[in-house]
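Colleague: I have some questions about the wording used for this model. Could you walk me through the reasoning behind the terms?

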Amino acid sequence: MNLLRSVRAVTAASGDGVVDWDRAAEAAKAGTDPGTLDLPPAEREGYATDVRDARDRLRETADVAFDVPETVEIQNRHHWIDANLDTFRAVMAPLSDRAAPLLPDASRVANTGTMAVMLGFLGRNVLGQYDPLLLADDPDAAHGLYFVHPNIVDAAEELDVDYPRFRRWIAFHEVTHAAEFGAAPWLPEYLETRMEEGVLALTDGALDREAFRELDAAMTAVEGYAELLMDHAFDDEYADLRRKLDARRQGGGPVAKLVRRLLGLGLKRRQYERGAAFFEAVAERRSLAAAGAVWERPENLPTDAELDHPETWLLRVDP
């Protein structure tokens with residue numbers, strides 16, 4: 001980790017965009033220890049077994065037709081930064097296209113530094129990720145399933161939990177997301193449209209509340225359904241893992257807490273809890289299969305109001 005190199009990369013930001021993405025990536029990686037990927041064959045097989053078992057259990061439990069992505073990577077922290085750079089760039093593209101011509105160099109440097117901090121923070125904290133390739137240039141590109149091995153090892157040690165059990169829990173969680181997107185091929189386009197509408201409105205100085213409300217409701221459904229599937233598919237009780245991981249994410253110094261707030265990580269936890277309560281209620285009133293109806297078509301997604309009143313969603317979707 002070389003903080004001086006990181007600062008130099010940021011101050012050298014140039015170009016005609018809101019962010020100098022190459023410099024942002026360079027700075028993020030310079031300020032982040034990549035971690036080791038020196039895994040014995042048995043360890044790599046452990047990841048593969050966890051993913052296969054998660055796929056089989058989810059197919060059996062939820063009766064959802066899907067497969068895991070062809071791309072399953074065990075990454076270090078630098079790999080994760082590289083893999084996600086294009087997504088960040090795509091999200092900010094509308095803002096860059098409109099604001100960049102009027103942007104002074106000092107603002108570009110500041111934006112590049114902010115992005116470097118965010119990429120580095122996430123690179124040091126993300127454990128696993130299902131990548132649905134939102135806003136990708138090539139919509140037919142293969143989706144990916146990533147495990148940031150150094151972060152998983154460090155988190156298991158810090159939380160004082162059994163590493164193979166923790167790794168397996170992370171694998172099951174990410175494969176549940178693969179199941180959701182596999183069951184709903186329309187979902188990436190739905191999310192992309194709401195993201196683009198919201199960002200474009202912001203570039204015009206407006207706030208498209210409906211787009212962000214629909215995006216939040218959809219992501220709440222994604223996170224909540226994943227929790228429901230985990231409760232039924234994971235082969236062990238895991239409340240202790242969730243409790244310890246939540247406590248870890250809420251800790252840290254003031255800078256870490258500020259970055260979490262800026263990245264909306266507190267919002268994600270709220271989505272977990274709200275979405276899980278919705279789907280638990282649906283499954284109790286009907287069944288796990290009835291809850292899966294949410295992925296049949298976009299119209300079946302719960303509205304913001306229905307998330308707090310699952311009975312109204314059931315009356316509309318499964319009368």
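Colleague: What makes the crossing of α3 and α7 right-handed or left-handed?

Modeller: The crossing of α3 and α7 is right-handed. A crossing gets that name if the near helix is turned clockwise from the far one by less than a right angle. Keep in mind that this is a predicted model.

Colleague: Why are α3 and α7 called oblique to each other?

Modeller: Helix α3, residues 41-62, packs on α7 at an angle of about 45 degrees, and their axes are 9 Å apart. Angles under 35 degrees count as roughly parallel and 65 to 115 as roughly perpendicular. The angle of about 45 degrees fits neither range, so α3 and α7 are oblique.

Colleague: Which residues meet there, and how do they divide by class?

Modeller: From α3 the partners include Glu43, Tyr47, Asp50, Val51 and Leu58, and from α7 they include Tyr163, Arg167, Ala171 and Phe172. The residues of the contact of α3 with α7 divide into 8 nonpolar, 3 polar and 7 charged.

Colleague: How do you know whether Tyr47 is buried or exposed?

Modeller: Tyr47 lies in helix α3. Its relative accessible area is 4%, and buried means under 20%, so Tyr47 is buried. Leaving aside neighbours within four places in sequence, Tyr47 is in contact with Leu39, Ile74, Phe147, His149, Ile152, Tyr163 and Arg167. The C-alpha atoms of Tyr47 and His149 are separated by 9.8 Å, with the two residues 102 apart along the chain.

Colleague: His149 takes me to α6. Why are α6 and α7 called oblique to each other?

Modeller: α6 and α7 pack at an angle of about 125 degrees, with their axes 9 Å apart. Roughly perpendicular ends at 115 degrees and roughly antiparallel needs over 145. An angle of about 125 degrees falls between those limits, so α6 and α7 are oblique. Their crossing is right-handed. On the α6 side the contact is made by His149, Ile152, Val153, Ala155, Ala156 and Leu159, and on the α7 side by Tyr163, Phe166, Arg167 and Ile170. By class, the contact of α6 with α7 has 8 nonpolar, 1 polar and 1 charged residues.

Colleague: Which residues of α6 are buried, and what comes just after this helix?

Modeller: His149, Pro150, Asn151, Ile152, Ala155, Ala156 and Leu159 are buried in α6. Just after α6, Asp160 takes a positive phi of about 60 degrees.

Colleague: Now the sheet. What makes β1 and β2 edge strands?

Modeller: The sheet is open, with 3 strands in the order β1-β3-β2 and mixed pairing. β1 (71-75) and β2 (128-131) each have a single partner strand, so one side of each is left without a neighbour in the sheet. Neighbouring strands of this sheet are turned by 15 degrees against each other on average, direction ignored.

Colleague: How do you know that β2 pairs with β3?

Modeller: At least two bridges are needed for a pair, and 4 bridges join β2 to β3, residues 144-148. The two strands run antiparallel. Tyr130 stands opposite Leu145 in β3, and Gln129 stands opposite Tyr146.

Colleague: What covers the sheet, and why are both faces of β2 called covered?

Modeller: Helix α6 packs on the sheet, touching β1 and β3, and its direction makes about 45 degrees with that of β3. Helix α7, residues 163-183, lies across β2 and β3 and runs at about 10 degrees to β2. In a regular strand the side chains alternate between the two faces of the sheet. In β2, Gly128 and Tyr130 on one side and Gln129 and Asp131 on the other are all buried.

Key: Residues are numbered from 1 along each chain as its sequence is written. This is a predicted model: local features need pLDDT of at least 70, side-chain atom pairs count only at pLDDT 80 or more; totals for chains, interfaces and linings use all residues. Side-chain values use heavy atoms; hydrogens and water are left out. Axes are lines fitted to C-alpha atoms, for helices over the stretch in contact, and angles run from 0 to 180 degrees between N-to-C directions. Contact means heavy atoms within 4.5 Å. Buried means under 20% relative accessible area, exposed over 50%, partly exposed in between (1.4 Å probe, protein chains only). Ala, Val, Leu, Ile, Met, Phe, Trp, Tyr, Cys and Pro count as nonpolar, Asp, Glu, Lys and Arg as charged, and the others, Gly among them, as polar.
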